Amino acid sequence: MALLTILRYPDARLHKIAKPVTTFDDRLKKLVADMAETMYDAHGVGLAATQVDVHEQLILIDESDTRDQLRVLINPEIVWASEERSVYDEGCLSVPGIYDGVERPARVRVKAFDADGKVQTIEAEGLLAVCVQHEMDHLKGKVFVEYLSPLKRNRIKAKMQKEEREMKKERDPEMAR
Ligand code: K1U
Ligand code: ZN
């Protein structure tokens, strides 16, 4: 297994549209294993392939307290969403340290394949419903900060760009001179 690099907002690759998975082979299983290691290492509840620069419709979620209930959703589709909506303070491994309220349908029914190509239907509410919708947005090239006001989004972008410059300087002190 291997730890993968998580793209950080405002990296343009986070806005690419993911393509459907067509082959359920060992390459896909290795990608799932590497993404799971990366998600658990980063203490995330979810991870979309887009975030590790793989533009295929694959998301992982583990919302359990025990961190041993991995869900693998391939080519996920929302087949039903409740009219009732709820607001949740979302976070994102691609926008570390930023949390803000996003309103979405409170419950969703999702159809997806697992890593063996078997169809599954998931009835999601609470954190699972939030996370499924957040990760599916990643596959469409959308980051949760795009739900926030332009003022908030621009502040977040500036903060992330400043952090990126500081991290670059730490990696290459020559840049600081
Ligand atoms: O980067 C990601 O897409 C993963 C993201 C999933 C998510 C969690 C909660 C709300 C929306 C999306 C995270 O794992 S964020 C970090 C986190 O561990 C967390 C944040 C808020 C609540 C619970 C967990
Ligand atoms: Zn995210």
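**View 1. The largest nonpolar core of this predicted model has 17 residues.** The members that touch the most others are Met-35, Leu-47, Val-52, Leu-58, Leu-60, Val-72 and Ile-74. Three elements put in two or more residues apiece: helix α1 (26-41) and strands β2 (58-61) and β3 (71-81). Of these, α1 is the top contributor, with 6 residues. There's also a second, separate core of 16 residues, with Ala-18, Ile-59, Leu-73 and Ala-129 among its members.

**View 2. Zooming in on Val-72 and its contacts.** Skip the neighbours within four places in sequence, and here is what Val-72 still touches. The list takes in Val-32, then the run Leu-58, Ile-59 and Leu-60. It also includes Phe-113, Asp-114 and Ala-115, and finishes with Gln-120. Val-72 is itself one of the residues with the most partners in the 17-residue core.

**View 3. Helix α1 and what it packs against.** This helix runs for 16 residues and covers 22 Å from its first C-alpha to its last, close to the 22 Å expected at 1.5 Å a residue. Its buried residues are Leu-28, Leu-31, Val-32, Asp-34, Met-35, Ala-36, Thr-38 and Met-39. An α-helix has 3.6 residues a turn, so residues three or four places apart point the same way. The buried residues of α1 pack against three strands: β1 (46-48), β2 and β3. Just past the helix, look for His-43, which has a positive phi, near 60°.

**View 4. Cys-92 and Cys-131, with no bond between them.** Search the whole structure for disulfides and you get 0. For Cys-131, the closest cysteine sulfur is the one in Cys-92, and at 9.8 Å that's too far for a bond, because a disulfide needs the two sulfurs within 2.5 Å. Are these two cysteines buried or exposed? Cys-92 has 11% relative accessibility, so it counts as buried. Cys-131 is buried too, at 7%.

**View 5. The largest pocket, at about 370 Å³.** Its lining is made up of 23 residues. Nearest the centre of the pocket sit Val-45, Glu-90, Gly-91, Cys-92 and Tyr-99, so Cys-92 from the previous view turns up here again, as a residue that counts as buried. Which elements supply at least two residues of the lining? Strand β4 (85-90) and helix α2 (126-139) both do. The largest share comes from α2, with 6 residues.

Note on methods:
Residues numbered from 1 in each chain as written. Chains lettered and ligands numbered in written order. Predicted model: local features only at pLDDT ≥ 70, side-chain atom pairs only at ≥ 80, totals over all residues. Heavy atoms only, no water. Core = buried A, V, L, I, M, F, W, Y, C linked by side-chain atoms within 4.5 Å. Buried < 20%, exposed > 50% of the residue type's maximum accessible area, 1.4 Å probe, protein only. Helix = DSSP H or I, 4+ residues; strand = E, 2+ residues; numbered from the N terminus. Contact = heavy atoms within 4.5 Å. Expected span 1.5 Å × (residues − 1). 1 Å grid on protein atoms, 1.4 Å probe; cavity = no way out; pocket = protein on both sides within 12 Å on 5 of 7 lines; lining within 4 Å. Points joined across faces, edges and corners; volume = space filled by probe spheres on them.
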